[in-house]
Structure formats: C-alpha cells, structure tokens
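Hi everyone, thanks for coming. I'd like to walk you through one chain today, and I'll explain the terms as we go. Here it is on the screen.

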Amino acid sequence: MAGNSQRRGAIRKGASRKGASVGSGGQRRRGLEGKGPTPKAAERPNHKAYSKSSSSGGSGGSSSRGPSRGRSGSKKPSSEIVAGRNSVLDALRAEIPATAMYVAGRIESDDRVRSALKLAADRAIPILETPRGELDRITDGAVHQGLALQVPPYDYAHPNDFFDPEAPGIPLVVALDGITDPRNLGAILRSVGAFGGHGVIVPERRSVGMTASAWKTSAGAAARVPVALAGNLNRTLEDFRKAGFFVLGLDMDGEVELPDVQLATEPLVIVVGSEGKGLSRLVRENCDQIVSVPMSASTESLNAGIAASVALYEIARKRATRS
C-alpha cells in the first residue's frame, strides 16, 4: 500500500501521461488565435483561380496573343514513349525527334536492336541501359521487348504565325475539326507540304495532337510544316476572317462542288471535319462557303486525310492556272 501511495504521489507531482506538459498553455492559446481573413481564391497558389490570374497578368488582365509558340491554350505538352522493337526502329528511320533511347540490360540482340542502336548513335541520341523493371514503369506496362524511345513534347506554333505577309505564295492553311486519328493528321501534313500549304491548325480540346504516329505518317513533312494549337477553333477562324482570309469548310453536303470554287486564289483556311460527324455546327457557321468533293453515288464519304489532299490539289491547280 505504501508503494502504491508513493506512485500516486509521483504521478501527482509530474504531468499526466495524457495531460498537458508544463508550460503548454501559451502554445494552446496561440493555436486558438485567428490567422486573419481567408485570402481570395486568386491569391492562393493551390487554387485553380490562382493559375488563371497568373496567366492573365493579374486580376482584370488579358493574356498576350503574340506569335510565340505554345501560347494558345493551357494544354501542357508532354513527352511520349514509343515502345517495342519494330515501333522504335520505324520511329528512328522516320527521323522522329528523340531525346533518349532506353535499352534493357542483357537484352537479346537481333537485327532490329542492332539497327536501332546504330541509328540512335548516328543521330547522337543518348542510349541508356535500363533495368527491365524500370523499363516496365517508363513504358507503363507496354510490350517494349527491351527497347523504348522517348519523344520530346512538340513545339506548337501559334495560329497568328500564319498571318505573315512576307510568307511566299498565297496563304493556305488547313484547320482540323474533331479529327482524333493521328494518322489523318500525318497524312494532311504530308499533303499540305506537297501542295504549297503554310500550316495546320488543331484545336486544343477533343482533337488529335502531334504524336509519334503523326510524325511517322507525315513522311518527314512534320519537320517542315508547322502545326499551330488553337485554344478555341471558332474564335481562331473569326480572327482569320478579320485578317482577310476566306474560310472553306469541306463537307459532303456542300453548297458548291470543289471544281466550281471561285475563291481558290484568295488567302484560304480549309476546314476538315471528322469522317463520322463532319463539321460541327458552330464551325460550319464560321465558314464563308461549304464545299463538297464530287463522288460517285456508291461512295458515301472520303477519309479526312484523302478529302483534304483532294481539296489541296484542286486549290493548287487553280492557283497555278490563274497565276
């Protein structure tokens, strides 16, 4: 009993295990004090309104629309990983830009691996030996066969870049409306380069971007023909019209057939819609003329890339005959 009373006395002398320690009262009072008024959303770095305010130069400001690349819209371009021996070799042969090639340690070499290593070395692309587990993570579990290629983010142009009055020839630009297949974008880039076009415009949302597949399909044209990113396609078309361009929309239910177009020698934006839905309603309203490609009754529609190629050829032909 005496021992119990001594222990109780010792507990009363010191602080309780669950109670407050000596001198903690001031800490609690400071913890209960207010921290002042809550900052506005635009002043809190972790709030989405903060980024909008910063990008517009502060409250009430407006963002610049100069011709520098990558300034139209908030889409953040990201690098892309091409995985698999055939895919990597095809990408290297197509001279797709690359920042690194990953090779699994102790890889079983074959002709594809040897060719990929030689091409990467010739182009001074860093070759990184990587553990297979890390390569699985880099490729997000894709079947990489011990080989992967990192493609850097594409450097998009600004639509205003195509307003350059010193550019050679009559301005000719292609805009894409709702096209999501990168092979169509690559084919259109190839046709734009072949028929004297100045560039391609893709919307920021719900649209294809410049991927490795688009680079490959373009057969080198992507290195010569700029692709611009439009934050809002309809506003971009309005800007082109104000700058003196005529906007022609391609659609199977056109007002005029392609051979009868009278605006071929004017500065043009040709808008190509998706194969399934065609032109969206608002884009159609922003077109000066809806043009169709004449076809036999047995063919319902053309692939977007083919339709754009046919239109670009006819525009180039008309310009050549009237020059």
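Let's start with the outward face of α5: turned away from the buried side of this helix, you'll find the exposed residues Asp111, Lys118 and Asp122. By exposed I mean over 50% relative accessible area, by buried under 20%, and partly exposed is in between, using a 1.4 Å probe and protein chains only. Helices here are DSSP runs of H or I with at least four residues, strands are runs of E with at least two, and both are numbered from the N terminus.

Before going on, a word on where this comes from: it's a predicted model, where local features need pLDDT of at least 70 and side-chain atom pairs count only at pLDDT 80 or more, while totals for chains, interfaces and linings use all residues. Residues are numbered from 1 along each chain as its sequence is written, and side-chain values use heavy atoms, with hydrogens and water left out.

Back to α5, then. Its buried residues are Val113, Ala116 and Ala120. Why do we say they sit on the same side of α5? Because they cover an arc of only 65° around the axis, the arc being that of the directions from the helix axis to the C-beta atoms. Remember the general rule: an α-helix has 3.6 residues a turn, so residues three or four places apart point the same way.

And what do those buried residues pack against? Their partners are α4 (85–93), β2 (100–104), β3 (127–130) and β4 (147–151), with contact meaning heavy atoms within 4.5 Å. Just after α5 comes Ala124, with a positive phi near 60°.

Now look at α4. Here Arg85, Val88, Leu89, Ala91 and Leu92 are buried. Down the axis of α4, they fall within an arc of 160°, so they line one face of the helix. The cover over them includes β1 (80–83), β2, α5 and β4. α4 is followed by Glu95, and its phi is positive too, near 60°.

Let's zoom out for a second. The chain has 11 helices and 11 strands, and 38% of its 323 residues count as buried. Take the contacts between residues at least 6 apart in sequence: 81% of them join residues at least 24 apart.

Ser301 gives us a single residue to look at, in the loop between β11 (289–292) and α11. Is Ser301 buried, exposed or partly exposed? It counts as partly exposed, because its relative accessibility is 32%. Its C-alpha is 6.9 Å from that of Met252, although the two are 49 residues apart along the chain.

Last topic: empty space. On a 1 Å grid over the protein atoms alone, a cavity is a set of points where a 1.4 Å probe fits but cannot get out, a pocket is an open set with protein on both sides within 12 Å along at least five of seven lines, and lining residues have an atom within 4 Å of a point. Points are joined across faces, edges and corners, and a volume is the space filled by probe spheres set on them.

There is 1 cavity of 30 Å³ or more, and the largest cavity is about 40 Å³ in volume. Its lining includes Leu248, Val261 and Ile315.

The second largest pocket has a volume of about 440 Å³. Of the 18 residues lining this pocket, Asp177, Pro203, Arg205, Arg206 and Ser280 lie nearest its centre. The largest share of that lining, 3 residues, comes from α10.
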